[in-house]
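Visitor: I should be grateful for a close look at a single part of this model, namely the metal site and the ligand beside it.

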Amino acid sequence: MTGVPDAPDHSAPRKIIHIDMDAFFASVEQRDNPELRGKPVAVGGSSGRGVVAAASYEARQFGVRSAMPSVTAKRRCPDLVFVRARFDIYRAVSNQIRAIFRDYTELVEPLSLDEAYLDVTGYRKLPTATAIAEEIRARINDATGLTASAGVSYNKFIAKIASDQNKPDGICVVTPRQGPAFVAKLPVRRFHGIGPKTAEKMKALGIETGADLRAQSEEFLEQRFGKSARYYYRASRGIDDRQVKPNRIRKSLGAERTYGEDLHDRDAMIAKLAEIADVVWERAQKSESFGRTVTLKLRYSDFETPTRARSREQPVASRDELFAIGCDLLDTLIPDARGVRLLGLTMSGFGQADEETMVKDVPAQLGLEL
Ligand code: DCP
Ligand code: CA
Ligand code: CA
């Protein structure tokens, strides 16, 4: 009405949503194989040293949990069905849900394949963050056939705990007014960053809940917990000012190795290149960054250091493809009378060029409820 554009208002309450998929890997497997539905399913290796990556809700009733040795899981649940992880499929689902998130805000901070924080303070087409979260959950279900749970609150700390509160297929809204009481009731081990060890230490001090934590002075906490004290002090009061930070798109990702003795024959170089490809691919998987360009770097014994690059239409899809391109590029630089003292592989060319711009501050929306 006034025609004055909204300015970012950093004192206005924020609207933060945390979305987390339910029993993610296991649910994907049950979706894609109807025979697994309704059954206790573990994703992971069933062999001697395997561990459970994900357990279906049916399996959890038997006490099967993520990171549990598969042997233990089988003992707890003899009918447990093990299936292999299919990361390509999980990544594809992850991309689908992230695309949905970006329809609501640029301020999306993924924490892993199946979860993200969203700051939806500036979104105007729906009246509340709760309505946004419900719409997102419905769209995820339409697009993927899977369920997600949501936490809606005024900061990251509470939104993340809230998304766990009514799992699976649930939503939990914690308003600024409710925040302190919500935190007071929580066992401290539910606080992000308080692991079993710290929880034990707190228990020995008589601190079991958010309320117990809040009753301590900052000095007391500092003496016992050092640098974490300030976080505990603030979190126990429901305060957390951390911003939702969209992950910066990385420009390149690689690894290189220098060898104590110069390499002379091709087989030896190929073997070394295979090791480097393993490292680069593992890093790519960890950061979910798959580039379209592969660059090989090589240093001859006289320190001349040429590079050779090749780009494709699509991002490199596998470790073997990365390695194969590396080998092709190597063959453009050898044989050579000089020995080779360093080899390196780099991937670059991630995402679309227009994605690589920085996200601006989104204006705050005043006066609307969570
Ligand atoms: N994961 C893994 N190893 C772990 C924990 C998790 O490989 N130690 C994988 C498998 C999970 C996915 O990450 O499906 C997501 O992890 P979550 O902690 O979010 O657990 P889930 O989605 O399986 O279950 P929940 O419904 O409790 O979120
Ligand atoms: Ca999950
Ligand atoms: Ca998760």
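**The metal site and its surroundings**

Guide: The protein chain is divided into domain 1 (1–174), domain 2 (179–235) and domain 3 (252–348), with bounds from an automatic or database domain assignment. This is a predicted model, in which local features need pLDDT of at least 70, side-chain atom pairs count only at pLDDT 80 or more, and totals for chains, interfaces and linings use all residues. Residues are numbered from 1 along each chain as its sequence is written, chains are lettered from A and ligands numbered from 1 in the order in which they are written, and side-chain values use heavy atoms, without hydrogens and water.

The calcium ion (ligand 3) has as protein donors D20 (OD), D114 (OD) and E115 (OE), at 2.2 to 2.4 Å. Donors are N, O and S atoms within 2.8 Å of the metal (3.2 Å for Na, K and Ca); water is not among the atoms, so sites may look incomplete. The spacing of these residues in sequence is D-x93-D-E. D20 also bridges this ion and the calcium ion (ligand 2), the two lying 3.5 Å apart. Both D20 and D114 are buried, that is, under 20% relative accessible area (1.4 Å probe, protein chains only).

D20 is also among the closest of the 14 residues that surround ligand 1, each having a heavy atom within 4 Å of it. R60, another of the closest, places a polar side-chain atom 2.7 Å from an oxygen atom of ligand 1. A polar backbone atom of F25 lies 2.9 Å from an oxygen atom of ligand 1.

Conventions
Buried means under 20% relative accessible area, exposed over 50%, partly exposed in between (1.4 Å probe, protein chains only). A polar contact is a pair of N or O atoms within 3.5 Å; within protein, one must be able to donate a hydrogen and the other to accept it, and residues adjacent in sequence count only if both atoms are side-chain atoms.
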